[in-house]
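Colleague: Please take a close look at one part of this model with me. I would like a connected answer that I can follow on the screen.

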Amino acid sequence: MGRLDHGRGREAVLTDLVAAASYAGVVAAAGYAAWTGRSAEIDRRRRGRQVMIGGVLATTLLAGLSQRDLWPLSSWSLMTRAPRRDMGVNPVYLRLVAVDSAGAEYTVDYRAVEPFAIEELMAWMRAQFVSLPRAEQDTAARYLLGRVNAARARVREGRSAGTAGVLPGALRAPFHQLHQRRWRESTDLPATPFVTLRLYGETWDLEERARDSTRVTRQLLYQLQAP
Amino acid sequence: MKAWNDFWFAPEPSFNVRVARILVALQALWICLSRDYASVAAVPGVFWRANVSRWRFLIVPGHPGIEQALQVVAVVALVGAVVGVAPRLCCVVAALLLYHLGPMETAIWTTAPEARGLTLAPTALLILALASGDDEDGWVLRIVQVLVVEIYLFSAIGKLERTGIAWGSAERMRMWMLWFAQDDQSLVFTRVGPWLARHLWVCGVLGAATVAMEWVMPVMLFWKRSRLVLVPVALAFHVGVLVAMNIHVPEAWLIIVFVDWDSVRTRLRRRATPIADPVPA
C-alpha cells in the first residue's frame with residue numbers, strides 16, 4: 001500500500017510538472033508569435049504562428065489523448081465512466097444538515113456554504129474531511145456552521161442566502177451542478193441560530209428508489225455540537 | 001504542407017475574430033462576476049491541506065486582499081477585451097490572471113476545474129491577443145475553434161477509453177438519468193430526467209446520438225456547411241443535459257464561435273437598408 005501511494009504521489013508530481021511546463025510553453029509560443037508578428041516578412045510572421053499552432057495542438061492533444069488533465073489544457077473527461085446502480089457506495093453520497101435548538105433538521109442550502117461551491121465542498125469532504133483527526137474536523141465544521149448561520153440570518157432578514165459575486169441572483173453563473181434554492185423565505189428557517197451540524201452518508205439502489213422514493217439508507221458520519 | 005497552410009491561413013473576416021474575442025471574454029466575465037475568489041483564499045488552513053498541486057497556479061491561501069485585487073484587475077481586463085480598449089494587452093492580462101483565479105473554485109480538492117467556466121479562457125485569450133485586426137487572423141479563430149471542438153472529441157475519447165463502445169447503451173443512459181433524477185440536492189429541473197428514464201428506447205437514441213455527435217464535431221473545422229446543423233445540435237444537446245441532468249458546462253456555450261458572424265451582420269444590414277426597386281424605364 002505504501003509503495004502504491006508513493007507511486008501515485010510521484011505520478012501526481014510528474015503530471016503537475018508536465019502541466020505547468022505545457023502552459024508555460026503555450027505562453028512562450030504566444031510571446032514568440034507576437035514578436036515575429038511585427039515583422040514585415042510574411043515568412044517570418046508565419047513561422048511564429050506555426051510555432052503557436054503547433055504548441056497549442058501538441059499540448060492539448062497530449063492532455064486529451066492521454067486523458068491526463070493538464071488544466072487549463074484539459075482532458076475534458078466529462079461523464080466518461082459508467083454509472084453504478086448502488087448509489088452512494090463509491091463515491092460516498094454526502095448530505096450536510098443543520099439542526100436548530102428544537103432538534104429540527106434543515107438540509108443546507110447550496111448558497112449557505114459560499115464561497116465554496118457545494119459540490120466542491122462535498123468532494124473535499126469525501127476525499128479529506130472524513131479521514132481528518134477529530135480536532136481538525138471540528139475546526140472545519142465550526143467554520144461551516146458559522147457560514148450556515150450567517151446565511152440563516154440573511155434569509156431571516158429578507159436577503160439572499162448567498163453573497164458570492166456581484167451579479168443579481170438570476171444572472172449569476174450556475175455552478176457545474178444546478179442546485180435548488182431551499183432557503184427562500186424567512187419562514188423556511190428557524191428564528192434562532194443552528195446549534196448542530198451533521199454530515200450524513202446516504203446509500204440507495206437506483207432501481208429500488210425509482211419505484212419507491214423513500215428507499216434510502218442514511219448513516220450519521222459526523223456531528224458538531226455548538227457549545 | 002500546402003493543405004496545412006491552406007487550412008490554418010485561409011482568409012477570415014476580421015469581424016469573426018473580434019466576435020470570438022468578445023464571446024470568450026464575456027463568458028469568462030460572467031463567471032468572474034459570479035464568484036468570490038477572495039473569500040476562498042480566506043477559508044481556514046484545514047481546507048487547504050490536501051491540495052499539493054496549487055503551486056503551479058501560484059495559489060497561496062491567506063491573502064484575500066491580494067486575490068480581490070487580482071479579481072478586480074481580471075474583470076477590468078475582460079471588460080477591455082469585450083469593448084476593444086487595448087484588446088491585445090487586456091487579453092494577455094486576463095488570460096494570465098484567469099490561469100491563477102480559475103482553479104480557486106475547486107482548489108480545496110483539485111486544481112483541474114474543467115467545466116467550471118474558466119477552462120478555455122486562459123488559453124483562448126492568449127491566442128486572441130495575437131490577432132492583428134486584418135484578414136490574416138483566420139488562424140487565430142481556427143485555434144480557438146479547435147479548443148472548443150476538443151471538448152467533445154476528448155470527452156468521446158475518455159468514454160471509449162474508460163467505459164468502451166457501450167457507453168451510450170440504452171441501459172447505461174437510463175442509469176445516468178436515474179442517478180441525476182434521484183440526487184435530490186441537485187434537482188432544479190425535475191420532470192425531463194425521470195420521463196426519459198421511463199422510456200428505454202429514448203435513452204438508447206440519446207446515448208447513440210451523444211456518442212455520434214461527440215465524434216462528429218471536429219468535422220465542423222473542415223466543412224463549413226456542417227456548422228449549420230452541428231451548432232444548433234450542440235446547443236440543443238447542452239440545453240437537454242441542463243434540463244435532464246441538471247449539469248451545466250459553461251464553456252460549451254462558446255460553440256457559437258463557429259457562427260459566421262460577418263455573414264449575419266451583412267444580412268442584418270441588408271434587411272435594415274432594403275434596396276429600392278429599380279425605376280422602370
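Where is the place of P115(A) in chain A? Please start there, then work outwards to where the two chains meet.

Modeller: This is a predicted model, so read what follows as a description of a prediction. P115(A) sits in the loop between strand 3 (105-107) and helix 3 of chain A. Look at the bond just before the ring. The peptide bond from E114(A) to P115(A) is cis, with omega near 20°. Most peptide bonds are trans. Chain A has another cis bond to look at, from N90(A) to P91(A), with omega near 5°. P91(A) belongs to the loop between strand 1 and strand 2 of chain A.

Now go back along the chain to the loop between helix 2 and strand 1 of chain A, where W76(A) lies. Its backbone deserves a look. Phi of W76(A) is near 50°, a positive value in a residue other than glycine. Most residues other than glycine have a negative phi. W76(A) counts as buried because its relative accessible area is 2%, and the limit for buried is under 20%.

Q67(A) lies in that loop too, between helix 2 and strand 1 (86-87) of chain A. Q67(A) has a relative accessible area of 5%, so it is buried as well. Follow its side chain. A polar atom there lies 2.9 Å from the backbone oxygen of G64(A). Beyond its sequence neighbours up to four places away, Q67(A) touches S75(A) and S77(A) in its own chain. Across in chain B it touches F154(B), I157(B), G158(B), E161(B) and R162(B).

That brings us to the interface. Here 82 residues of chain A are in contact with 88 residues of chain B. The area buried between the two chains is about 8000 Å², and carbon and sulfur atoms give 64% of it. W76(A) returns here. Together with W71(A) and M79(A), it supplies 12% of the area that chain A buries against chain B, more than any other three residues.

Charges and polar atoms take part too. There are 8 salt bridges between chain A and chain B. One of them joins R182(A) to D184(B), with the closest N and O atoms 3.9 Å apart. The count of residue pairs in polar contact between the chains, both at pLDDT 80 or more, is 49. Several elements of chain A give two or more residues to this side, including helix 1 (2-36), strand 2 (93-99) and helix 4 (134-156). Helix 2 of chain A gives the largest share, 13 residues. By class, the side of chain A that touches chain B has 49 nonpolar, 17 polar and 16 charged residues.

Finally, turn to the partner. Chain B has 13 helices and 0 strands. Its C-alpha atoms fill a box of roughly 85 × 55 × 40 Å along the principal axes. Of the 281 residues in chain B, 56% are buried. Among the contacts in chain B with a separation of 6 or more, 73% join residues 24 or more positions apart. Chain B exposes about 12100 Å², with 69% of it from carbon and sulfur atoms.

One residue of chain B makes a useful contrast. L58(B) lies in the loop between helix 3 (37-41) and helix 4 (64-83) of chain B. L58(B) has a positive phi of about 55°, although it is not a glycine. Its relative accessible area is 68%, so L58(B) is exposed. W76(A), with its positive phi, is buried.

Notes: Residues are numbered from 1 along each chain as its sequence is written. Chains are lettered from A and ligands numbered from 1 in the order in which they are written. This is a predicted model: local features need pLDDT of at least 70, side-chain atom pairs count only at pLDDT 80 or more; totals for chains, interfaces and linings use all residues. Side-chain values use heavy atoms; hydrogens and water are left out. Contact means heavy atoms within 4.5 Å. Buried area is the accessible area (1.4 Å probe) that two parts lose on being put together, summed over both. A salt bridge is a side-chain nitrogen of Lys or Arg within 4 Å of a carboxyl oxygen of Asp or Glu. A polar contact is a pair of N or O atoms within 3.5 Å; within protein, one must be able to donate a hydrogen and the other to accept it, and residues adjacent in sequence count only if both atoms are side-chain atoms. Helices (H or I, at least four residues) and strands (E, at least two) are DSSP runs, numbered from the N terminus. Ala, Val, Leu, Ile, Met, Phe, Trp, Tyr, Cys and Pro count as nonpolar, Asp, Glu, Lys and Arg as charged, and the others, Gly among them, as polar. Buried means under 20% relative accessible area, exposed over 50%, partly exposed in between (1.4 Å probe, protein chains only). Accessible areas come from the Shrake-Rupley method with a 1.4 Å probe; for residues, only the protein chains shown count as cover.
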